[in-house]
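User: I would like to learn how to read a model like this one, feature by feature. Could you take me through it with care?

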Protein chains: 2
Amino acid sequence: MPEKQDRFKTLLKQNGLKVTTQRIDILEALESRPDKHLTAEEIYECVKEKNPDIGLATVYRTIQLLAELNLIDKLNLGDGFVRYEINNQGCDVTAHHHHHLICLNCGNVLTFQGDLLETLEQKIQEALEFEVVDHEVKLFGYCKACRLEMQEKKNKE
Amino acid sequence: MPEKQDRFKTLLKQNGLKVTTQRIDILEALESRPDKHLTAEEIYECVKEKNPDIGLATVYRTIQLLAELNLIDKLNLGDGFVRYEINNQGCDVTAHHHHHLICLNCGNVLTFQGDLLETLEQKIQEALEFEVVDHEVKLFGYCKACRLEMQEKKNKE
DNA sequence: TTGGGTGCAAAGGCTTTGCATGTGA
DNA sequence: TCACATGCAAAGCCTTTGCACCCAA
């Protein structure tokens, strides 16, 4: 995917960073993985397949850098691991993040877009005089597949 | 506050735990602190004032235990520290947590109650067939005091 | 009395840092 | 060329664990 590579190169250059294979590889790893919620270790493993010489320290340094530039988002799903995902909005600081649905049974993470919190934020702004500029929402529950599975188990009993 | 102590003793006993001075002290520390979002280290320091012999390991073991029993809530405000707060709902698992307003300037944390997310959850349930049983909401922005401060600074310029 | 609880110190796991070497602009 | 980036290993930090002693029930 050369066009993706070009996009990454441009993003790096725009932010005054050198374009190195390691940085491209890490961005590609984050872009390519289907679940897209990788830990530092997972990114490391993923990149090593292609570039076995990369060091774990480079992964940590790079994700920190990319997170500061808002090219990637830090994520804490409550399982004790810090995770990262590509921020496709790029550097638009005003864009609200998408939200996460975390299945308590299988641990899968769904995402959804939408600013359905706007009325909530408005109310808070009025009631507490607290100016909301960003939010993070995690919803815990059971995904469709797990609900079906649980239903079947129940029926067998 | 002997009546609080009694409440804590009852809570511990109800959950099959021995009542020790350390456990009471830790619950009291969490109850008494005004901001109520303490790290393990802060709990340790707080309890040590009263009971200098307590060990940090006991604090970690106790908060883990109390969190499992839903007597306290684990909190991650995104500053890299795991924090804990008393869960006043007690053991009512169905009760939704309150939400947190985190000031990006001073770092203070306000809380607010209310289930204004219910319509949101309903929509998700319908659209994605994901059954939401709990949620965690963090709102980032600027508190009243900091907004005033920033306003004054602006006016001086 | 006795099994759970505690304190201490050591061990673990994740992340950061120092330093010499490598490399993109 | 040369400042920035990397790899490696060591160091840091927070948290957990092993073990002997202690104490609430």
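User: Let me begin with a single residue: does Asp25(B) count as buried or exposed, and why?

Analyst: This is a predicted model, so everything below describes a prediction. Burial is judged from relative accessibility, where under 20% is the cut-off for buried. Asp25(B) has a relative accessibility of 9%, and it therefore counts as buried.

User: Where is Asp25(B) placed, and with which residues is Asp25(B) in contact once its neighbours within four places in sequence are left aside?

Analyst: Asp25(B) belongs to helix α2 of chain B. With those sequence neighbours set aside, Asp25(B) is in contact with Val47(B), Lys50(B) and Asn51(B).

User: Let us turn to the DNA. Which residues come nearest to DNA strand C?

Analyst: There are 18 residues around DNA strand C, and those that come nearest are Tyr60(A), Lys18(B), Thr20(B), Thr58(B) and Arg61(B). On the DNA side, sugar and phosphate make up 68% of the atoms of DNA strand C that come within 4 Å of the protein.

User: Which atoms of the protein lie close to a phosphate oxygen of DNA strand C?

Analyst: Both side chains and backbone can be looked at here. An N or O atom in the side chain of Thr20(B) is 2.7 Å from a phosphate oxygen of this strand, while for the side chain of Gln64(A) the corresponding distance is 3.2 Å. From the backbone, an N or O atom of Gly55(B) lies 3.0 Å from a phosphate oxygen of DNA strand C. The elements giving two or more residues to the surface near this strand are α4 (56-68) of chain A, together with α2 (21-32) and α4 (56-68) of chain B. The largest share, four residues, comes from α4(A), and the residues of this surface divide into seven nonpolar, five polar and six charged.

User: How many residues are around DNA strand D, and which come nearest?

Analyst: DNA strand D has 19 residues around it, of which Thr20(A), Arg23(A), Thr58(A), Arg61(A) and Tyr60(B) come nearest. Sugar and phosphate account for 70% of the atoms of DNA strand D within 4 Å of the protein. A phosphate oxygen of this strand is 2.4 Å from an N or O atom in the side chain of Thr58(A), and another contact of this kind involves the backbone of Gly55(A), where an N or O atom lies 3.0 Å from a phosphate oxygen. A base is reached as well, since the cited pair is a base nitrogen of DNA strand D and an N or O atom in the side chain of Arg61(A), 2.7 Å apart. For the surface near DNA strand D, the largest share, four residues, comes from α4(B).

User: How should I read the sheet, and in what order do its strands stand?

Analyst: Strands of a sheet pair through backbone hydrogen bonds, either parallel or antiparallel. In this model an open sheet of six strands has the order β5(A)-β4(A)-β6(A)-β6(B)-β4(B)-β5(B), with mixed pairing. At the edges stand β5 (109-112) of chain A and β5 (109-112) of chain B, each with a single partner strand, so one side of each has no neighbour in the sheet. Neighbouring strands are turned by 20 degrees against each other on average, direction ignored. As one pairing, β4 (residues 99-103) of chain A joins β5(A) in the antiparallel sense over four bridges, and Leu101(A) stands opposite Leu110(A) in β5(A).

User: Which strands does helix α5 of chain A lie across?

Analyst: Helix α5 (residues 118-128) of chain A lies across β6 (131-142) of chain A together with β4 (99-103), β5 and β6 (131-142) of chain B, and runs at about 130 degrees to β6(A).

How values were computed: Residues are numbered from 1 along each chain as its sequence is written. Chains are lettered from A and ligands numbered from 1 in the order in which they are written. This is a predicted model: local features need pLDDT of at least 70, side-chain atom pairs count only at pLDDT 80 or more; totals for chains, interfaces and linings use all residues. Side-chain values use heavy atoms; hydrogens and water are left out. A residue is near a molecule or strand if one of its heavy atoms lies within 4 Å of it. A polar contact is a pair of N or O atoms within 3.5 Å; within protein, one must be able to donate a hydrogen and the other to accept it, and residues adjacent in sequence count only if both atoms are side-chain atoms. Ala, Val, Leu, Ile, Met, Phe, Trp, Tyr, Cys and Pro count as nonpolar, Asp, Glu, Lys and Arg as charged, and the others, Gly among them, as polar. Two strands pair if DSSP finds at least two bridges between them. Axes are lines fitted to C-alpha atoms, for helices over the stretch in contact, and angles run from 0 to 180 degrees between N-to-C directions. Contact means heavy atoms within 4.5 Å. Buried means under 20% relative accessible area, exposed over 50%, partly exposed in between (1.4 Å probe, protein chains only).
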